[in-house]
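These are my notebook entries on a set of chains, made with the sequence and the coordinates side by side. I went from the chain pairs to single residues.

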Amino acid sequence: MFTYILRRLIAAVMLLFVVSIATFAIFFLVPRLAGMSADDLASRYVGKAANAEVIHDTALRLGFYDPILVQYGRFVQGIFVGVDRNYGPGIEHCPAPCFGYSYVTQNPVLPDLLNRLPITLSLALGAAVVWVIFGVATGVLSALRRGSFFDRLSMGIALAGVSLPIFFTGIVSLAIFRDQLGLVGDVADWVPISEDPLTWANNLMLPWVTLAFLYAAGYARLTRAGMLETMSEDYIRTARAKGLAERKVVLKHGLRATLTPVLTMFGLDLGLLLGGAVLTESTFSLPGIGKYAVDAISNNDLPQVMGVTIVAAAFIILANLIVDLLYAVVDPRVRLA
Amino acid sequence: MTAPLDVPGSAVEAGPETVLEGAESSVIRGRSLGQIAWMRLKRDRIAMIGGIVIILLILVAIFAPLLVSWFGHDPAEWHREKIDPAIQAPIGSFGGMSWDFLFGVEPTTGRDLFSRILYGARISLLIAFFATLLCVVIGTVLGMIAGFFGGWVDTVISRLMDIFLAFPLLVFALALAGVIPDKAFGMSGDTLRISLLVFIIGFFNWPYIGRIIRGQTLSLREREFVDASRSLGARSHTILFKEILPNLLAPILVYSTLLIPSNILFEAALSFLGVGVRPPTPTWGGMLAEAVHNYDVAPNFMIFPGLAIFITVLAFNLLGDGLRDAFDPKAR
Amino acid sequence: MSPFLDVKDLKIHFPTDDGLVRSVDGLTFSLERGKTLGIVGESGSGKSVTSLGILGLHKGKGANVSGEIWLDGEELVGASQEHVRGLRGKKMAMIFQDPLSAMHPFYTVGDQIIEAYRIHHKVSKAVAKKHAIDMLGRVGIPEPRSRVDSYPHEFSGGMRQRAMIAMALSCDPELLIADEPTTALDVTVQAQILDLMVDLQREFNSALIIITHDLGVVAELSDDILVMYGGKCIEFGTADDIFYRPEHPYTWGLLGSMPRLDREPTERLMPIKGSPPSLINVPPGCAFHPRCPYVERTAGKAKSEVPGLIETEGGHLVRCHMSRTERRELWENEIKPVLENQ
Amino acid sequence: GGGGGGSKSTSGSGNDAKPSSKYNAGVTEIINPSEKTGGTLHMGMPGDFDSVDPGDMYYGYAWNFARLYTRALTMFKPVPGEEGLQLVGDLAEGLGTPSDGGKTWTYKLRKGVKFEDGTPVTSKDVKYGVARSLDKDILPSGPTYFNDWLDVGSYTGPYKMKGKLDDFKAIETPDDQTIVFHLKKAYGGFDYFAMLPQTAPVPEAKDTGSKYKEHPVASGPYMFKAHELTKRIELVKNPNWDAATDPNRKQLNDSIEVLLGQNEDDLDQRLLSGKIDVKVNSTGVAANARKTVLTDEKVKQYADSAPIDRTWFTNINGDVPPFDNIHCRKAVLYATDRSAIQGAYGGPDAGGDVALSLMPAKMTGYQKIDPYGVEANPTGDITKAKEELAACGQPNGFSTTISFRNERSAEKQTAEALQQSLSRVGIKLELKGFPQGDYFKLYAGKPDFAKKNGLGLMVYGWGADYPEGFGFFQQIVDSRVIRPAGNTNLGVKDPKIDELIDQAAGETDASKRNAIWAAVDKEVMESAFILPYVWAHGLFYRPPTLKNVFVSQNWGMYEFLTLSTQ
Amino acid sequence: MSETVTANEPLLSVQGLEKHFPVTKGLLKRQVGAVKAVDGVSFDVFKGETLGLVGESGCGKSTTGRLVTRLLEPTGGKVVFEGQDITHMGQGRLRPLRRDMQMIFQDPFSSLNPRHTVGTIVGAPFRIQGVQTENGVKKAVQDILALVGLNPEHYNRYPHEFSGGQRQRIGIARTLALKPKLIIADEPVSALDVSIQAQVVNLLEDLQNELDLTYVVIAHDLSVVRHISDRVAVMYLGKIVEIADRKSLYSSPMHPYTNALLSAVPVPDPKARKERERIRLTGDVPSPLNPPPACRFHTRCWKAQEICKTVEPPLETVAGGHRVACHFPENAPAAATAAVTQA
Ligand SMILES: Nc1ncnc2c1ncn2[C@@H]1O[C@H](COP(=O)(O)OP(=O)(O)OP(=O)(O)O)[C@@H](O)[C@H]1O
Ligand SMILES: Nc1ncnc2c1ncn2[C@@H]1O[C@H](COP(=O)(O)OP(=O)(O)OP(=O)(O)O)[C@@H](O)[C@H]1O
Ligand SMILES: [Mg+2]
Ligand SMILES: [Mg+2]
């Protein structure tokens with residue numbers, strides 16, 4: 001078990017390594033291949049009125065003249081031992097793990113990211129609770145009443161849920177629930193849960209529901225399909241033959257087995273969302289990781305992009321690992337090797 | 001020897017199954033699984049509606065210029081006379097909807113929403129189709145190879161899939177779409193943007209179908225007909241393409257149909273985030289992105305592209321679900 | 001007094017897209033306490049559907065069940081779901097064919113037995129667990145105390161089937177239905193399980209229905225044998241009736257198809273031509289007629305008229321258009337000599 | 001955390017109170033004058049400041065905002081109307097005294113001004129502030145007027161030349177209250193430079209270079225209590241600020257809170273519902289709210305359409321044929337449908353007026369000219385355009401490319417509008433969008449690139465750094481500022497203009513200067529390198545509860561200094 | 001069939017055949033053990049005869065079959081077919097040989113590609129081997145279909161339209177296409193119903209007579225094996241424990257395991273059940289991952305003694321062609337037993 005986790009973690013680090021190389025290459029190599037010089041690159045990160053000299057100095061300061069490997073090495077060095085930076089009056093050490101400083105705002109990347117993490121966490125976890133509860137419950141009920149009006153209706157809604165772009169539902173719901181009806185709080189006004197749980201929930205309600213609407217749909221469909229399959233398994237028949245009450249058959253025997261694939265999907269989805277609910281955050285202008293990513297990219301802010309990609313990839317990988325571990329807990333047949 | 005229960009003497013005369021004969025009179029032409037699926041699909045009304053909508057959409061996309069010439073105006077043509085100069089909103093109720101402008105007009109420019117939606121369908125569908133094609137081709141080939149050959153080949157390809165799956169896709173797509181120069185690979189303008197979007201969406205989505213195909217191949221590989229073919233001396237590529245691939249066509253078809261809508265949404269998301277096809281070429285996502293800042297000014301500007309995306313994606317999902325059921329051996 | 005289990009004109013039909021599946025179509029039989037009934041028939045002849053029908057597991061699943069099932073003086077087809085549920089496990093229990101898929105993979109063997117016990121006995125978990133260990137020991141699982149916490153996949157096939165039996169017997173059911181309990185097992189293990197079942201049946205004095213397509217197995221266990229074909233009983237009688245005085249051509253066919261270890265090998269086997277009917281398009285008249293070598297002898301009746309299940313002598317029932325003497329003659333002169341080979 | 005508490009009690013009275021106000025009233029008068037103190041002023045901002053470090057900022061709203069916590073040498077008078085364009089002393093007792101024909105400028109500092117920690121502000125601190133702003137590596141964002149005009153010699157700023165502030169001879173501090181600037185050549189409008197936040201004092205001991213923005217040391221009435229980068233700023237009263245030393249400011253609010261990175265539409269909604277007091281940006285409300293504001297009379301009464309010192313225009317690139325021919329350029333100027341573009345920018349109230357020439361009409365010294373008859377034909381003059389085309393030798397038109405900034409939907413629509421209107425005379429445009437961040441550095445502002453890629457038209461816009469000709473024109477029409485990349489002059493190359501600019505710069509007499517700038521405007525229109533179409537307006541909304549509100553003529557937005565809520 | 005294989009020269013000879021499946025662990029696929037699925041199996045198959053291979057599930061029957069047809073690469077030992085050593089022959093060189101050696105599979109549902117028509121399936125051997133046929137492939141295929149008792153007009157149908165027995169016939173037709181000399185049939189009837197099973201068994205016998213085929217029939221049903229085999233080999237945990245001609249094996253089995261197997265088969269004779277003397281084995285077949293040492297049967301053998309746990313009994317000829325691997329064989333001539341006990 002321990003060695004398994006260790007091995008997976010090593011693999012995860014290797015994976016992150018590859019991800020970082022690819023990101024780095026895209027941001028450095030592609031513009032270079034397209035014919036941009038080091039000064040061209042640097043010119044993005046100087047003030048409005050900078051002259052050639054300042055641009056050149058900036059290119060030197062940011063190390064754009066170094067071979068790409070050296071530049072990448074510096075990035076890796078930052079992660080493992082940290083880097084030094086001249087902030088004007090002195091030199092500052094950014095301790096490991098350090099993703100460097102934003103080229104644009106000059107802020108260190110990691111604290112910025114961590115700063116935004118609670119928002120993304122609140123958004124993703126809250127929505128996850130909503131969608132899992134609704135999705136799974138709907139799925140189970142639909143499966144049990146296969147072909148009924150409820151089944152048709154909820155599956156119809158579920159299909160609509162996965163067919164609507166979130167930036168559309170998000171804006172429409174904002175326009176209706178906030179602007180017209182004034183039912184929910186200021187979405188963009190994020191308050192930490194520790195400070196005021198009620199406002200926190202009230203302000204996040206709309207993004208939660210919107211996001212959950214999108215995801216619950218998938219879960220309802222998955223649960224329904226899984227449930228239909230499990231309920232035709234032999235062991236369900238056995239449970240019935242024992243004289244077990246139907247409710248217990250469904251919940252204890254049926255649902256338990258259905259939840260494994262749901263768990264997998266949940267892990268992957270959550271991992272992806274934690275790495276930045278890009279569209280949701282953009283739509284509701286929640287300053288989370290996803291918004292950060294979009295801003296970083298539109299600013300060509302490489303350290304930020306590297307940081308956010310790696311953090312997001314780490315979440316995905318971590319979620320995968322946790323799912324696998326949980327799987328072994330849930331399903332005794334799975335052995336971790 | 002009298003053996004009344006026995007089949008008569010020679011094996012040559014061993015009786016063909018009576019039951020089968022009785023059931024299906026003299027139709028000799030066999031029905032393939034595909035034909036059976038098609039029969040089942042035909043009975044699935046909802047899926048058929050999805051399919052019909054898709055066909056209509058494709059027709060609309062193909063004949064957009066014709067339709068626009070009948071019912072609309074040039075999608076790039078401004079109609080400032082339809083705009084209230086004070087607030088830049090369309091004149092008239094419902095965003096200026098009229099017989100002349102079926103869906104009303106865009107705020108500020110007064111462009112005909114109807115024709116922009118129609119032209120938008122071309123780009124959206126084009127990108128989604130080709131991106132899906134790319135995913136499916138890469139995913140199928142690599143998934144099949146990984147599943148069939150196993151061993152280190154599988155390890156390498158599976159790790160590759162892990163890497164792709166670990167990329168925060170949207171972030172990455174945004175990044176890539178952002179850094180690509182204006183002219184590359186001998187292309188420029190819309191052609192380049194569209195190719196780029198196709199590439200990004202297709203190239204980063206393949207592991208999803210790749211995994212499915214790999215899994216299917218793994219299980220198909222264990223089926224005895226593969227051994228049978230091998231024991232006849234068939235080469236690997238023959239087995240792969242003649243024996244295994246035909247059995248993958250159903251899942252490929254089903255997942256392609258389900259992948260198209262997700263790719264439509266993906267394209268819309270990219271356009272929404274500002275890295276889609278360049279203006280004034282209309283795309284649904286791009287229109288939505290603009291509409292977001294104007295939903296109060298002209299709700300129809302937002303609703304129609306939203307509806308267009310919704311209907312298209314829904315139709316594909318419906319058809320995909322229907323196909324999945326039709327091909328599902330477990331279904332009745 | 002009426003028999004312990006009395007099934008009268010049981011019909012179980014499934015409406016499907018392709019048509020009505022008449023899985024069980026007018027089945028009648030009865031069984032006393034302490035006796036064993038063997039049901040044999042080819043795949044798809046409705047054996048499993050019958051057994052599930054007795055346990056009332058078809059209700060609400062798109063099945064049309066009609067007829068009567070009397071268990072210990074109670075009618076089950078018309079009884080409420082909840083009532084029948086209360087009988088399951090306690091009054092009647094079932095052993096399934098494939099113990100791996102019939103046991104929940106996520107719960108330990110012990111848990112599943114405990115659950116079965118606690119449905120009908122209001123006892124603490126600990127007591128139930130003791131009972132489970134007891135049962136596992138009774139069915140011959142070594143070291144039951146430690147094995148009780150194993151998962152089904154950690155058991156070998158034979159042990160799983162034993163655990164399955166332990167679960168079925170945990171509430172001392174009066175009727176035990178075993179649906180192909182040994183098909184998935186190797187011969188040596190099959191022998192062990194069959195022995196176990198015989199012993200347990202004697203011990204609990206329960207009525208046992210054993211469903212199989214292996215004539216050898218029924219011969220070993222059964223008092224009475226029911227031969228099913230196309231959802232109907234085509235022959236019913238004591239084991240001796242069926243093996244020494246079979247009267248239906250299908251039964252002859254079954255006997256002729258089997259290579260037998262206890263006799264010198266014949267030159268050739270005597271298969272039945274064709275294959276079993278689809279239950280949607282059951283051939284009109286005698287369902288067996290397309291495969292029957294003696295259709296001509298019925299003067300066309302076979303194709304149009306469903307033969308009745310007629311008693312030939314002391315409880316031996318046959319569903320055939322041929323006359324009793326005709327059948328007797330055929331058996332004695334044509335079939336028996338070939339089968340016995342000397 | 002924290003935040004002001006229950007200051008919002010008055011907002012309950014809501015919108016439908018007495019029709020107390022009038023559309024555009026805030027442009028000319030102070031709305032809701034009040035001297036009451038207390039409460040929190042809630043500001044909201046889409047995006048973030050380029051920086052809040054006074055030495056590192058270049059946006060009007062940042063400069064407006066910076067005066068809440070810093071004091072430069074001079075400032076614009078915080079009053080409505082024309083008077084708001086007047087410079088007065090701030091940290092300095094009055095305006096500067098030129099000598100040496102305008103090459104040397106001397107300022108006397110007020111006594112008793114203190115930093116937030118109580119240490120007195122000296123002329124050294126001002127010198128240090130200017131010195132550090134010279135280092136564009138560490139503080140890249142601010143304007144380069146001091147780099148360009150001060151006689152800096154080899155001095156490169158206090159970071160690269162540590163402890164050598166005394167080597168910085170361009171500024172002298174004979175005593176703690178006196179500061180003397182030495183320029184390379186005469187510049188008459190130096191008081192405008194002295195207004196830049198770069199002249200705000202920075203205590204050397206507290207300078208943390210690029211991290212200074214986390215907590216700029218206050219010399220104004222408010223100081224930083226919290227600055228969560230990119231998220232939130234909280235200002236509270238500076239206890240060491242003394243009203244006696246500062247005749248132009250008050251300290252009415254208990255605190256000021258700025259929410260950063262907000263969604264534009266969201267922010268407008270909250271502004272309209274009174275949850276936010278003022279929006280920090282220079283263009284006012286966005287399209288969605290614009291409709292509500294302009295169509296709902298109840299709301300409109302609280303709105304102001306404020307003219308801004310900004311012109312939206314398109315550069316015509318003389319490097320790209322056939323625009324090397326002035327007639328082809330003129331054809332474009334004639335054929336353009338300016339009213340369509342006005343629409344793209346939001347219409348007359350929110351977008352601005354149709355521009356007749358380059359120089360914004362509200363600027364000091366503007367003289368009306370209309371060489372292309374725009375007033376009469378806002379949708380273009382096709383006949384004239386065709387004549388010019390014929391004169392250019394392209395009677396059937398030609399094809400060229402137009403560039404714009406992707407992120408700016410108004411510019412995108414402008415390009416589309418141009419595509420439409422120029423097609424009327426046969427000029428075909430291919431649209432090419434570029435990322436905003438790279439527009440000047442790599443694309444339109446890089447003459448090589450623009451020429452090679454045939455960018456004949458480049459959509460653009462420019463706002464004055466300060467309301468005086470030099471602050472508007474110099475960066476966009478002086479051919480000598482053209483560099484290999486990163487240009488703001490996208491190709492106006494006219495020796496006559498250069499000459500006029502030099503004349504104006506050296507002129508210390510304001511009215512004479514203004515006359516020269518009007519001539520520059522005329523000359524620019526003549527040479528037809530620039531196609532102006534909109535003189536920008538911003539449509540601003542002031543919640544009824546907001547006190548002491550008015551549009552500053554200088555900033556073209558509400559004056560932040562006076563705002564209060566009680 | 002021009003070749004003349006003399007009666008005592010085997011068509012197929014298997015010597016000491018071994019297959020160990022590696023059990024790996026971890027990222028680097030470290031081998032931590034091996035499943036000894038087949039562990040030293042030797043037998044000969046002579047032209048025209050049928051060799052039956054019986055044993056319990058997991059004892060390595062299928063693996064043996066797949067090794068012989070070279071669907072798997074043996075870990076050790078030797079496979080000689082028609083005098084050619086094919087143990088490690090490359091697939092390229094093996095291809096022409098495959099014509100002569102064909103395989104029938106157990107599961108008629110998975111052994112036919114559901115996407116191919118009967119014509120394609122049965123015609124595959126011609127295409128793969130590049131064999132030219134006189135009147136075209138279609139005619140040839142239809143001839144074979146008729147041969148196995150299928151309607152030649154079913155040429156264009158798909159497997160799912162056929163019943164299990166018919167499918168098995170299609171599978172048989174495919175193996176017959178190239179007129180092979182040797183057919184390995186892996187549980188050809190165990191998936192079929194009794195009545196259908198008999199049809200297929202008869203068909204196999206008829207074909208053997210007609211086409212002069214040699215069979216290796218793998219099965220776990222002892223009665224079926226007895227019915228069709230000339231000689232029978234009994235496998236236990238990857239080894240052959242007894243091999244003899246049918247008669248002597250069934251009438252006087254020597255290995256205790258064979259004995260137990262035979263007595264475990266239920267007999268369809270209600271009277272016999274009381275009379276029969278039964279040997280009941282306890283427990284299941286041990287895992288081939290950790291097979292018991294020496295005699296692998298000793299854990300379940302009622303006759304086992306110390307020597308069985310330490311010395312592996314060789315497969316020795318005890319009486320005329322009857323070979324057994326046991327220290328204490330039953331029904332054996334006295335001399336043989338004595339020899340073993342003294343050793
Ligand atoms: N839920 C159902 N819906 C439709 N048809 C069904 C259903 N359950 C069983 N059947 C059909 O009823 C027939 C009898 O099935 P049953 O399982 O009783 O056969 P069996 O005799 O047990 O066969 P086997 O020996 O293969 O187990 C089959 O043709 C089957 O397809
Ligand atoms: N590819 C493989 N990798 C690892 N182990 C294998 C593999 N194939 C077979 N085995 C193992 O080898 C042993 C023998 O398998 P084989 O299939 O030959 O048995 P069998 O006698 O045919 O059994 P059955 O009667 O169940 O078909 C089994 O324990 C099996 O698990
Ligand atoms: Mg059954
Ligand atoms: Mg096998």
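**Entry: surface patch on chain B**

I began with the nonpolar surface of chain B, bearing in mind that this is a predicted model. I found a nonpolar patch formed by I52(B), I55(B), L56(B), L59(B), I62(B), F63(B), L66(B), W70(B) and F71(B). Together these residues have about 920 Å² of accessible area. I then asked which helices of chain B each supply at least two residues of the patch. They are α3, residues 45–62, and α4, residues 64–71. I noted that α3(B) contributes the largest share, five residues.

I looked up F71(B) separately and located it in helix α4 of chain B. Its relative accessibility is 44%, so I entered F71(B) as partly exposed.

**Entry: chain B as a whole**

I counted twelve helices and four strands in chain B. Of its 332 residues, 58% are buried. The accessible surface of chain B comes to about 13,400 Å², and carbon and sulfur atoms account for 68% of it. I also looked at contacts in chain B with a separation of 6 or more: 74% of them are between residues 24 or more positions apart.

I next consulted the UniProt record, an unreviewed entry. Under "transmembrane region" it lists residues 46–71, 123–148, 160–180, 192–213, 252–277 and 297–320 of chain B. I compared two of these ranges with the model. Residues 123–148 of chain B are 100% helix and 0% strand, with the end C-alpha atoms 36 Å apart. Residues 192–213 of chain B are likewise 100% helix and 0% strand; here the end C-alpha atoms are 30 Å apart.

**Entry: which chains touch**

I asked which chains have the most contacts among the eight pairs that touch. The pair is C and E. I also recorded two pairs without contact. Chains C and D do not touch, and their nearest C-alpha atoms are 48 Å apart. Chains D and E do not touch either, with nearest C-alpha atoms 44 Å apart.

**Entry: nonpolar cores**

The largest nonpolar core has 351 residues, and I noted F49(D), F65(D), F181(D) and V477(D) as those that touch the most other members. Helix α10 of chain B, residues 236–272, gives the most to this core, with 16 residues. A second, separate core has 82 residues, among them A93(C), C171(C), L200(C) and L279(C).

I then listed the neighbours of F181(D), leaving out residues up to four places away in sequence. F181(D) touches L73(D), K103(D), T104(D), W105(D), Y107(D), V130(D), F146(D), L150(D), A170(D), I171(D) and F190(D).

**Entry: helix α2 of chain E**

In helix α2 of chain E, residues 91–98, I marked L94(E), R95(E), L97(E) and R98(E) as buried. I asked what covers these buried residues of α2(E). The cover includes α9 (224–231) of chain B. It also includes β4 (76–81), β5 (84–85), β6 (101–104) and α3 (118–129) of chain E.

**Entry: D25(C)**

I placed D25(C) in strand β2 of chain C, residues 19–31. Is D25(C) buried or exposed? I entered D25(C) as buried because its relative accessibility is 14%, which is under the 20% limit. Not counting residues up to four places away in sequence, D25(C) touches L10(C), K11(C), H13(C), G231(C) and K232(C). I also checked D25(C) against C233(C): they are 208 residues apart in sequence, yet 8.7 Å apart in space, C-alpha to C-alpha.

**Entry: backbone geometry**

I kept the general expectation in view: most residues other than glycine have a negative phi, and most peptide bonds are trans. I recorded three departures.

- P321(D) and P322(D) are joined by a cis peptide bond, with omega about 5°. P322(D) is in the loop between β12 (303–316) and α9 (326–335) of chain D.
- N205(C) has a positive phi, near 50°. I found N205(C) in the loop between α8 (187–204) and β8 (207–212) of chain C. Its relative accessible area is 45%, so N205(C) is partly exposed.
- A294(E) also has a positive phi, near 55°. The loop that holds A294(E) lies between α10 (272–275) and α11 (306–310) of chain E. A294(E) is buried, with a relative accessible area of 14%.

Notes:
Residues are numbered from 1 along each chain as its sequence is written. Chains are lettered from A and ligands numbered from 1 in the order in which they are written. This is a predicted model: local features need pLDDT of at least 70, side-chain atom pairs count only at pLDDT 80 or more; totals for chains, interfaces and linings use all residues. Side-chain values use heavy atoms; hydrogens and water are left out. Patches are made of residues with over 30% relative accessible area and no salt bridge: like charges are joined within 9 Å, nonpolar side chains (Val, Leu, Ile, Met, Phe, Trp, Tyr) within 5 Å. Accessible areas come from the Shrake-Rupley method with a 1.4 Å probe; for residues, only the protein chains shown count as cover. A salt bridge is a side-chain nitrogen of Lys or Arg within 4 Å of a carboxyl oxygen of Asp or Glu. Buried means under 20% relative accessible area, exposed over 50%, partly exposed in between (1.4 Å probe, protein chains only). Contact means heavy atoms within 4.5 Å. UniProt positions are given in the numbering used here, feature names are shortened, and annotations may be inferred rather than shown by experiment. A nonpolar core is a set of buried Ala, Val, Leu, Ile, Met, Phe, Trp, Tyr and Cys residues joined through side-chain atoms within 4.5 Å.
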